[in-house]
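Open the model in your viewer and keep the selection box handy. We will go stop by stop, with something to select at each one.

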Amino acid sequence: MNATTGAVSRNPFTGDVSRNTPFASAADVDTALQQTWSAFQGWRVTDISARSALLRNIAGGLRQHARELAEMMTDEMGKPVTQGLAEVEKSARLCEWYAEQGPEFLKPEPTLVENNKAFVQYLPLGPILAVMPWNFPVWQVLRGAVPIMLAGNSYLLKPAPNVMGSALLLQSVLTAAGVPEGLFKVVNADNDAVAKIINDRRIAAVTLTGSVRAGAAIAGLAGAAIKKSVLELGGADAFIVLADADIDAAVKGAISGRFANSGQICIAAKRIIVESAVFDEFRDKFVAAVKAMKVGDPREEDTYIGPMARFDLRDELDSQVQATLKEGAECLLGGHVIPGEANFYAPTVLSNVKPGMTSFKQELFGPVASLIVAKDAADAIAMANDSEFGLGGSLWSKDLEKARELASQIETGGVFINSPSFSDPRVPIGGVKHSGFGRELSHFGIREFTNAQTVWQEA
């Protein structure tokens, strides 16, 4: 990237370029940094009740502009409009939850020091740079921004190039809701500018959601600058179905866990591992359910699978599928690009997938499910852990005591028993291994970007 290029939004359903935003100049970047720094100076001393009230205003603004935000996501990254509306509503509820619960998480905490001589207080750090992806242009941004701002920090957003329209629209919605200038700021920075931003003295820390490669680069820059970073990276989550599971419920969970957002979710059911005793039943019901999904125009209310967000990522996905088939897997459904101007990939089910194959080892970011046979529960756990990733996972069994015991053996940041993986403000989300470090959401998330300051007082 260079100063003469920009961020391009290309509608993946029509193929048309809808927006080409020039990258920020050095002067533009400096202005954004100064605005976020100045906003922080006032916001850090703003009473927590006023911060909470602002979050409630944001929730109202999101609902007021829900259709506009959802349609922008549909145009820029192909999200089915009903899923976009659900994303905006989920984001509004996030604001309300933190407005209600967040102040308690930021209260000074007593310690075990005798006579209440010491306590810990949570103080804001400063402007936080957020490098965010395109797959959830509202939720992904706000699940970090809301607790960051409630804690007294300001938020500088570097969005993915293909969702600049969504980022700018979100900024305008927040401004209309009363967010002070510079508290939530979008900057269309290229890679060189991002590096300079991280090194700037006005930036306190950085958070990124994206690929392992991007995370390694950002973490390296932040580490060299002695600044904290929180990373949520890729995932190849295991969706484990044990022999005693409710198969119909597991199939339903696997459909939403794998194919929501056209399969473009980090924390998703990418490797479906099923005990051999129930594999045939699960496979047949799962394939039938995949066939029943509507693939089509993302603007239509009943569409479940829209086009993939980027044409290059569709090509990469297809190469991963073809490599897996050459390695000996079987294609039960799909396995090809859908011809036409739109960026569709056929919903795909691969079977006979084994450890070492491409779709077992790598993250497949699109509407492709890999079915894997396990001999027993121990074999399923071993295969689940045979991955460089450790973001989330699902475990399906009617024996809840056994399921909880097995969950503790799964090397991930989260395990969902009898449910597909999802994010919820009440619980933390984050990964281990190459899926990143640090946590978002809950009290863990709001404290990630605070200074846990010890105050010791003698009489």
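Helices (H or I, at least four residues) and strands (E, at least two) are taken here as DSSP runs, numbered from the N terminus. Please keep in mind throughout that this is a predicted model.

**Stop 1: the annotated span**

Select residues 9-455. UniProt, in an unreviewed entry, gives this stretch the feature "domain: Aldehyde dehydrogenase". Helix makes up 43% of the span and strand 18%. Now pick the C-alpha atoms at its two ends: they are 49 Å apart.

**Stop 2: a hairpin**

Next, select residues 6-22. Strand S1 (residues 6-10) and strand S2 (residues 17-22) are here, paired in the antiparallel sense through five bridges. Look across from Gly6 and you will find Pro22 of S2. The two strands, S1 and S2, make a hairpin, with six residues between them. Click on Gly15 in the turn: its phi is positive, about 85°.

**Stop 3: a three-stranded sheet**

Select residues 109-110, 118-124 and 450-456 together. What is the order of the strands in this open sheet? Reading across, you get S3-S4-S20, and the pairing is antiparallel. Strand S3 (109-110) and strand S20 (450-456) are the edge strands, each pairing on one side only. S3 is joined to strand S4 (residues 118-124) by two bridges. To see one bridge pair, show Pro110 together with its partner Phe119 in S4.

**Stop 4: the largest pocket**

Now switch on a surface and centre the view on Gly210, Ser211, Val212, Ala214 and Arg310. These are the residues closest to the centre of the largest pocket, out of 39 that line it. The volume of this pocket is about 1300 Å³.

Colour helix H7 (191-199), strand S8 (205-209), helix H8 (212-224) and helix H11 (311-326), since each of them supplies at least two lining residues. Which element gives the most? That is H8, with six residues. If you colour the lining by class, expect 22 nonpolar, ten polar and seven charged residues.

Then colour by domain: domain 1 is 6-233 + 434-456 and domain 2 is 238-424. Why does the largest pocket lie between them? Both domains give residues to its lining, so the pocket sits between the two.

**Stop 5: the second largest pocket**

Keep the domain colours and move to Lys90, Phe136, Ala260, Ile265 and Phe422. Of the 27 residues lining the second largest pocket, these are the closest to its centre. About 570 Å³ of space is found in this pocket. Each of domain 1 (6-233 + 434-456) and domain 2 (238-424) contributes at least three residues to its lining.

Among the elements to highlight are helix H4 (81-105), H5 and helix H9 (247-259), each with at least two lining residues. H4 gives the most, with five. By class, this lining holds 13 nonpolar, eight polar and six charged residues.

**Stop 6: the cavities**

Let us turn to enclosed spaces. How many cavities of 30 Å³ or more does the structure hold? There are five.

For the largest cavity, select Arg143, Gly144, Pro147, Ile148, Thr207, Val230, Arg439, Glu440, Leu441, Gly445, Glu448 and Phe449, which line it. Helix H5 (139-150) and helix H15 (442-448) are the elements that give two or more residues to this lining. H5 gives the most, with four residues. The space in the largest cavity is about 80 Å³, and its lining has five nonpolar, three polar and four charged residues.

For the second largest cavity, select Ala238, Arg271, Ala384, Gly392 and Thr412, which lie nearest its centre among 13 lining residues. About 60 Å³ of space is in this cavity. Its lining is made up of six nonpolar, five polar and two charged residues.

**Stop 7: one residue on a helix**

Finally, select Ala382, which is in helix H13 (residues 377-385). Is Ala382 exposed or only partly exposed? Its relative accessibility is 45%, so Ala382 counts as partly exposed, as that class runs between 20% and 50%. Draw a distance from its C-alpha to that of Asp312: the two residues are 70 apart in sequence and 33 Å apart in space.

Definitions and conventions
Residues are numbered from 1 along each chain as its sequence is written. This is a predicted model: local features need pLDDT of at least 70, side-chain atom pairs count only at pLDDT 80 or more; totals for chains, interfaces and linings use all residues. Side-chain values use heavy atoms; hydrogens and water are left out. Two strands pair if DSSP finds at least two bridges between them. On a 1 Å grid over the protein atoms alone, a cavity is a set of points where a 1.4 Å probe fits but cannot get out, and a pocket is an open set with protein on both sides within 12 Å along at least five of seven lines; lining residues have an atom within 4 Å of a point. Grid points are joined across faces, edges and corners, and a volume is the space filled by probe spheres set on the points. Ala, Val, Leu, Ile, Met, Phe, Trp, Tyr, Cys and Pro count as nonpolar, Asp, Glu, Lys and Arg as charged, and the others, Gly among them, as polar. Domain bounds come from an automatic or database domain assignment. UniProt positions are given in the numbering used here, feature names are shortened, and annotations may be inferred rather than shown by experiment. Buried means under 20% relative accessible area, exposed over 50%, partly exposed in between (1.4 Å probe, protein chains only).
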